[in-house]
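User: Hi! I'd like a close look at a single part of this model, with enough of the surroundings to place it.

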Amino acid sequence: MIDSGGLAARGRAQPLLREQQQLLLTKSKQKRAERVRLAEGIEAAIATLPRDELPLMDELSALDQQVHALFAELLARKKQPRKTPKIVCVVYELLQELGQISPAWAMPPSKET
């Protein structure tokens, strides 16, 4: 026995389902376009990163070299209290271990003229 009420309800539900399906397809297309725009933005940011980062890296490297030069100067002083060179050396090594300055072995050779 066929339920005529069920067929009628199914007939009314089909337009609603098609409408929901169309809304989902539209949202999916919008999300896909948004994802493409985001990917393009990320690629553009990655492309400009080295160019924007270079002056900052040069400045950081110069400051790091200055810090190493200051410690070399402090350690080279002849007239200073007996414990001072040891304290300066400990601070210098600690800064290197903590990554606040580059390791001494990574420094380029000094240009003495």
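What joins the side chains of Asp64 and Ser102?

Analyst: Happy to walk through it, keeping in mind that this is a predicted model. The side chains of Asp64 and Ser102 are joined by a polar contact of 2.4 Å. Along the chain these two residues are 38 residues apart, and their C-alpha atoms are separated by 6.9 Å.

Let's start with the aspartate. Asp64 sits in helix α1, which covers residues 4-76. Asp64 counts as buried because its relative accessibility is 15%, and the cut-off for buried is under 20%. That is worth noting in a chain of 113 residues of which 7% count as buried.

Helix α1 also offers some contrast to Asp64. Leu60, another residue of α1, has 45% relative accessibility and therefore counts as partly exposed. Together with Leu56, Met57 and Leu63, Leu60 forms a nonpolar patch on the surface, and the accessible area of the four comes to about 370 Å². For the chain as a whole, the accessible surface is about 10400 Å², with 62% of that belonging to carbon and sulfur atoms.

Further along the chain is a charged pair: Glu73 and Arg77 meet through their side chains in a salt bridge, with an N to O distance of 3.8 Å. The structure holds one salt bridge, so this pair accounts for it. Glu73 counts as partly exposed because its relative accessibility is 44%, and Arg77 is also classed as partly exposed, at 45%.

Now for the stretch that comes before the serine. The chain has two helices and zero strands, and helix α2 takes up residues 84-97. With 14 residues at 1.5 Å a residue, α2 should span 20 Å, and its end C-alpha atoms are indeed 20 Å apart, which agrees. Within α2, the buried residues are Val88, Tyr92 and Gln96. Viewed down the helix axis, the buried residues of α2 fall within an arc of 75 degrees, so they line one face of the helix. Lys86, Ile87 and Glu97 are exposed, and they are carried on the face of α2 turned away from that buried side. After α2 comes Gly99, with a positive phi near 80 degrees.

To come back to your spot, then: a buried residue of α1, Asp64, makes a side-chain polar contact of 2.4 Å with Ser102, across a separation of 38 residues along the chain.

Definitions and conventions
Residues are numbered from 1 along each chain as its sequence is written. This is a predicted model: local features need pLDDT of at least 70, side-chain atom pairs count only at pLDDT 80 or more; totals for chains, interfaces and linings use all residues. Side-chain values use heavy atoms; hydrogens and water are left out. Patches are made of residues with over 30% relative accessible area and no salt bridge: like charges are joined within 9 Å, nonpolar side chains (Val, Leu, Ile, Met, Phe, Trp, Tyr) within 5 Å. Accessible areas come from the Shrake-Rupley method with a 1.4 Å probe; for residues, only the protein chains shown count as cover. Helices (H or I, at least four residues) and strands (E, at least two) are DSSP runs, numbered from the N terminus. Buried means under 20% relative accessible area, exposed over 50%, partly exposed in between (1.4 Å probe, protein chains only). The expected span of a helix is 1.5 Å times one less than its number of residues. The arc is that of the directions from the helix axis to the C-beta atoms. A polar contact is a pair of N or O atoms within 3.5 Å; within protein, one must be able to donate a hydrogen and the other to accept it, and residues adjacent in sequence count only if both atoms are side-chain atoms.
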